[in-house]
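User: Please take a close look at one part of this model and then tie it to its surroundings in a single connected account. I would like to follow the reasoning step by step.

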Amino acid sequence: DFLTLYSPATVANMVCGFDVLGFALEAPCDTMHLRLTNQPGITIEHEDDFNLPTEPARNVAGAALLALLKAAPAGTGFEVRIRKAILPGSGIGSSAASAAGAVVGANRLLGSIFSREELVRFAMFGEEVASGARHADNIAPAIYGGVTLIRSVEPLDVVPLSAPPLHVTVVHPQIEVRTADARQMLKQQVPLKAAIRQWANVAGLVAGLLQADYQLIGRSLEDVIVEPVRSILIPGFAAVKARSLEAGALGGGISGSGPSIFMLSKDEPTAQAVAAAMRTVYEQLGVDFHIHVSTIN
Ligand code: HSE
């Protein structure tokens, strides 16, 4: 009587779209099993070796479900078993996958009483446990799929965007970057000149996606505000970007708050060539890494 679902990795901050643009990957996915219980409340179990907390209020899936329970019929309870394939702290939405998967599964068990927007709102409580910030740029694409724009968090305004086929190469150098730290280091003020360049790129990227204009997408994948600050935390960042562009990538940047780096390509052979270029950079640097070649889904 368990419901099984697969909750996808996501890339937040789609280069110029810090906190507002994100997309879902076809893989990797966490596997989650959920069922309704006779006792009210939440039980969490992990079927992996990441030693994540299981106390519901301290667990991202648990915190999301506690938010959902407040709006669910009295006496509702869930048991959740999570097998994570998305490494915590890798920068491809590991916490969002747990939080989003939990509320999507719970909603299915309750007969789909909540809208997708309500599910995003519940899942953001999980994100808050993970990073101290209720950002939705991983949660929304995990729940809606594809590319999403979070035009506003308060009130919540999620805009799903259509996009042409895009292949994604993600490299995860094996260092850990805590999202909370990566947020702390950002400057609170932005010069007007940089802001103008950034919103021109966001508009260009959205137009490029809607019009399936790969050249425009490529030109717009530029971040003049966050990347210059955060990229210093990531060994090999500049080399990965340069080699990937030489291999034919349209562009890319830091995935979420890092340390993963993602690159978009028009076709699968290019995405594989980008993977080879990334591999060369980290082999030369002697840094351990994982690479995923996937698609926006
Ligand atoms: N937008 C968030 C941040 C995503 O960069 O802090 C974190 O995954």
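Analyst: In what follows, UniProt positions are given in the numbering used here, with feature names shortened, and an annotation may be inferred rather than shown by experiment. The model is predicted. With that in mind, the unreviewed UniProt entry places the feature "domain: GHMP kinase N-terminal" at residues 61–146, and it also places "domain: GHMP kinase C-terminal" at residues 206–283. The stretch 61–146 is 57% helix and 8% strand, with 22 Å between its end C-alpha atoms, while residues 206–283 are 54% helix and 12% strand, with end C-alpha atoms 35 Å apart.

The part I will look at closely is strand 9, which spans residues 261–265 and has 5 of its 5 residues buried. In a regular strand the side chains alternate between the two faces of the sheet. In strand 9 both faces are covered, with Ile-261, Met-263 and Ser-265 buried on one side, and Phe-262 and Leu-264 buried on the other.

Strand 9 has antiparallel pairing with strand 7 (residues 167–173) over 5 bridges, and within this pairing Ser-265 of strand 9 stands opposite His-167. Strand 9 is also paired in the antiparallel sense with strand 8 (residues 251–254), here over 4 bridges, and Phe-262 of strand 9 is the bridge partner of Gly-253. Strands 8 and 9 form a hairpin with 6 residues between them, and Gly-256 in the turn has a positive phi of about 55°.

Gly-256 also leads from the hairpin to the ligand, as this residue belongs to the shell around it, together with Ala-12, Asn-13, Asp-19, His-135, Asp-137, Asn-138, Thr-179, Ala-182, Arg-183 and Ser-257. By class, that shell holds 2 nonpolar, 6 polar and 3 charged residues. The element that gives the most to the shell is helix 5 (residues 179–184), with 3 residues.

Helix 9 (residues 237–246) has buried residues that pack against strand 7, strand 8, strand 9 and helix 10 (268–285). These buried residues are Phe-237, Val-240, Lys-241, Arg-243 and Ser-244, so the list includes the charged residues Lys-241 and Arg-243. An α-helix has 3.6 residues a turn, so residues three or four places apart point the same way. Ala-238 also lies in helix 9, but this residue counts as exposed because it has 10 other C-beta atoms within 10 Å, where the cut-off for exposed is 12 or fewer. The C-alpha atom of Ala-238 is 23 Å from that of Ala-200, a residue 38 places away along the chain. After helix 9 comes Gly-248, with a positive phi near 110°.

Turning to the rest of the chain, the largest nonpolar core has 86 residues, and those with the most contacts inside it are Ala-64, Val-103, Ala-123 and Ile-139. Leaving aside residues up to four places away in sequence, Ala-123 touches Ala-64, Ala-99, Ala-100, Val-103, Ile-139 and Ile-143. Strand 5 (residues 147–152) pairs with strand 6 (residues 157–161) in the antiparallel sense over 5 bridges, with Leu-149 and Val-159 as bridge partners, and these two strands form a hairpin with 4 residues between them. Pro-155 lies in the loop of that hairpin, and the peptide bond from Glu-154 to Pro-155 is cis, with omega near 0°. A cis peptide bond also joins Ala-27 to Pro-28, with omega of about 0°, and Pro-28 lies in strand 2 (residues 21–36).

Two residues other than glycine deserve a check of their backbone angles. Val-15 has a positive phi of about 60° and sits in the loop between strand 1 and strand 2; Val-15 counts as buried because it has 25 C-beta neighbours inside 10 Å. Asn-51 has a positive phi near 55° and is found in the loop between strand 3 (41–46) and helix 1 (60–71), yet Asn-51 counts as exposed because it has 8 C-beta neighbours inside 10 Å.

Terms used: Residues are numbered from 1 along each chain as its sequence is written. This is a predicted model: local features need pLDDT of at least 70, side-chain atom pairs count only at pLDDT 80 or more; totals for chains, interfaces and linings use all residues. A residue is near a molecule or strand if its C-beta atom, placed from the backbone, lies within 6 Å of it. A nonpolar core is a set of buried Ala, Val, Leu, Ile, Met, Phe, Trp, Tyr and Cys residues joined through C-beta atoms within 7 Å. A residue is buried if 20 or more other C-beta atoms lie within 10 Å of its own, exposed if 12 or fewer, and partly exposed in between; C-beta atoms are placed from the backbone. Two residues are in contact if their C-beta atoms, placed from the backbone, lie within 7 Å. Two strands pair if DSSP finds at least two bridges between them.
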